[in-house]
Each structure stands twice: as C-alpha cells, then as structure tokens.
Amino acid sequence: MNLLQVKTKSQFLYLIRSRETFLDSINSKEHIVIDHKNNQNVDFKILENTIAIEKFYIEKRNANLGYRTIHKALSHELEFCQKILNSELSKIYKPLECVQGFVFKKNIKTNAFVHLSQKQILTLDIKNFFESITQNQIIESLNKLGVNNNVSEWISNIACVNGFLVQGFSTSPILANIVALEMDLDILENIDKTINYTRYADDLYFSSNSNSLNLQVLTTIINKYGFELNESKTKLMKRGQKQYVTGLSVFDSNFPRIPKKIKRELRLEAYYIKKYGYEEHIIKKLKIKKYQLKNPEIRDLIMIEVIINRDRIYGWLHFINSIEPNFSKKIIEELKKTSANSGLQKLGF
C-alpha cells in the first residue's frame, strides 16, 4: 500500500506506524514549541506525554543576515512518522529534471554542470522559502498528485508548525519541491528553450549563451505562487566576471570547480602546517607569546584550536574530493608530511 491507495484513518495509521491518539493530538494542534530564543526551561517530565517541538536558531554565514530558524521534533513518534512520510512521498513524487535540491543522485555539482561556460547566469533567491508554504498549499499540491484529501490534511498537520512548513523536519524538503512543482512548470513554459533553468531548494538559476533573461516575467511567475524574491540576492553574472552556481565556479566548459579563494587558503594553510606542525601553526595564528604558554588555560586553548582547525580542513577536503579529487588528494599528501614535533615541544613545553 502506498499513499495514493490510502483512504481511511486506519490505513494511514498503519502506513505511518502510529497510534490514533497521536494523530488526533497532531490534528488538534496539541503540541508545544520550545523556543530557545525565549530561554524557556524544559520540563522533561512533561515532554514524556507531549508532542514537543524544539525551535532554535543558527547564525547565517553573513551575520548581518541574522539567523536561520530550525525546528526539530523532540517527540520520537513525530520524528519517526515524518521519516516514514518522507520515504512514502518519494514514491509518488517524480521531480522534474530542473529540480536539483533534495533529489536522489542530484547535488550542487549536478546543478552547476547545467550552467557551465555560459555567457550569462541569473541567480534568484526565494525569501523564506519553507516558511512561505502554507498547509493549504500542501493539501492542494498533494491532492493534485492523487492523494486523498483527508490524508493530505493529516500529512500537512504532521509536517507544519502554526500552519506553515518549517526548516528542520525531514518532510519539509520534499513537500517544498511538491508545492513548487507548478511554479517550475510555469517557468519552463515561459522561458526560451535555449535558456537553462534549475532550482536548488530556494535558489533559482538561469543561464544562456544567447537570449536575454527577463527578470520581470520570472518575478511575476514566482509571486503568482505565493513566493517573494530576496532582491538583495538577485545577481546577473556575465562571462568575464566571476560566475558561481551553488557555490561552485562554472567558467570551465568541462566541469565545475572549487572557487580559487578557497583553494588558495587551503594551500597556504597546508604549507604552514607542513612547515611548523599543527600546534606551532596555531600558536603563530593566534599570536600567542612564549611566556603565555606557561598558562595551562592557554595550552588547552591551543589544543582545542588544533582540533577545530584540523577538522575544518579535512571537512573541506572531504567535500572538495567530490568536486576536484586531484586537488584534495594533493593537499592531503602535503598534510601527511607534517612535522611530528609539536609546537609546544619545540618551544620547550
């Protein structure tokens, strides 16, 4: 049995492996949201018998842009049935070729490949993409896929908080793609066939070697489906300028590349680590004086920074290996030659 075959409450409960009392509570909005911004104290005894959702905030890479709001199901039953629904939805939703985010075998690399070596690339960003999607939109979109209306409503109650989709739930990415399906089709029907279009979650990319890209037409279509563009992130990148798609450079006609700035920084860091060792590199980086090394807290700080620095570098290299494996392997070989003597040992500590 799949979602398209489910018609009754008992069939739906069997599919998501949940209790009727749980679904009734969800449908009645009987859950609590623990908002870390308000410094709420969590009574874990209460949580045992409540459908609880945690709301926390992650600072964006550009601190001026504020925070990203994330929701997490603290109720194991809610988290479990969301995972099941994510799997079941993937069986009935077939993404368009232009959809590159949250799709099996699609990623930032496959997205960038579509836009290699183009004369112009236009990138648009939808403001508050997940949070702009309402329960009614989810219900309507699921109905159009053939899901029973009651089942669509139950899914929307499980997937939403206060009537809107949220970041953090495992059901959010696929439901966002399902809701955006008609928008994607509308865009494809209203752009020239020589224009390449892809969407990676809330980031939309258009590229062309000939035709001009009509921003007004695209904006009208996007607004038509209840979305709003973040105008500060609208960029038109022409050949000869830096061109990036999902963070990758696309000037090359053969494959996407890691931006030169990142590679330059990693080469420099590997050079100093090879020359001095991790610890002395951190000592120099933090401008720590020799007399300060007598302080146990300073020495602890150095060791913590060594671990953070090493994890960050190898995290980058692991990611780069999927884009430019030759570069990644070369830097790893350099790091293997790092001096065995620690900075503290060489300085007499």
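Is His115 buried or exposed, by its relative accessibility? In this predicted model, His115 has a relative accessibility of 0% and therefore counts as buried. The legends below begin with the whole chain and then turn to individual sites.

**Figure 1. Overview of the predicted protein model.** The secondary structure consists of 15 helices and 11 strands. Along the principal axes, the C-alpha atoms occupy a box of roughly 75 × 65 × 35 Å. Of the 349 residues, 44% are buried. Where contacting residues are at least 6 apart in sequence, 67% of the contacts join residues at least 24 apart. The exposed area of the protein is about 19,400 Å², of which carbon and sulfur atoms supply 50%. The protein carries 51 positive and 37 negative charges, and the mean positions of the two sets are 10 Å apart.

**Figure 2. Surroundings of His115 in the loop between helix H5 (108-113) and E4.** The view is centred on His115, which counts as buried because its relative accessibility is 0%. Leaving aside residues up to four places away in sequence, His115 touches Ile121, Asn196, Tyr197, Thr198, Tyr205, Phe206, Ser207, Val245 and Val250. Two of these residues, Tyr197 and Phe206, return in Figure 4. Ile155 offers a reference point elsewhere in the chain: it is 40 residues from His115 in sequence, and the C-alpha atoms of His115 and Ile155 are 36 Å apart in space.

**Figure 3. The aromatic pair of Phe129 and Phe227.** Eight aromatic pairs are found in a search of the whole structure. In the pair shown, the ring centres of Phe129 and Phe227 are 5.4 Å apart and the planes are at 40°, so the arrangement is tilted. Phe129 belongs to the loop between strand E4 (120-125) and helix H6 (135-145), whereas Phe227 belongs to the loop between helix H10 (215-224) and strand E9 (235-238); the pair therefore ties together parts that are 98 residues apart in sequence. Phe129 and Phe227 are both buried. Ring pairs also link Phe129 and Phe227 with Phe102 and Phe130 into a cluster.

**Figure 4. The stacked rings of Tyr197 and Phe206.** The ring centres of Tyr197 and Phe206 lie 4.8 Å apart with the planes at 20°, so this pair is stacked. Tyr197 and Phe206 are both buried. Both residues are also among those that His115 touches, which connects this view with Figure 2.

**Figure 5. Helix H8 (residues 172-179) and the elements around it.** All eight of the eight residues of H8 are buried, so the helix is largely enclosed by the rest of the structure. These buried residues are Ser172, Pro173, Ile174, Leu175, Ala176, Asn177, Ile178 and Val179. They pack against four helices, namely H4 (76-92), H6, H7 (149-159) and H9 (181-190), and against strands E6 (164-165) and E7 (196-200).

**Figure 6. Cysteine sites in a structure with zero disulfides.** Cys160 takes part in no disulfide, and the nearest cysteine sulfur, that of Cys81, is 13 Å away. The relative accessible area of Cys160 is 4%, so this residue is buried. Cys98 likewise counts as buried because its relative accessibility is 5%.

Technical notes:
Residues are numbered from 1 along each chain as its sequence is written. This is a predicted model: local features need pLDDT of at least 70, side-chain atom pairs count only at pLDDT 80 or more; totals for chains, interfaces and linings use all residues. Side-chain values use heavy atoms; hydrogens and water are left out. Helices (H or I, at least four residues) and strands (E, at least two) are DSSP runs, numbered from the N terminus. Buried means under 20% relative accessible area, exposed over 50%, partly exposed in between (1.4 Å probe, protein chains only). Contact means heavy atoms within 4.5 Å. Accessible areas come from the Shrake-Rupley method with a 1.4 Å probe; for residues, only the protein chains shown count as cover. Lys and Arg count as positive and Asp and Glu as negative; His and the chain ends are not counted. The place of a charge is taken as NZ of Lys, CZ of Arg, CG of Asp or CD of Glu. A disulfide is a pair of cysteine sulfur atoms within 2.5 Å. Rings of Phe, Tyr and Trp (its six-membered ring) pair if their centres lie within 6.5 Å; planes under 30 degrees apart count as stacked, over 60 as edge-to-face and the rest as tilted.
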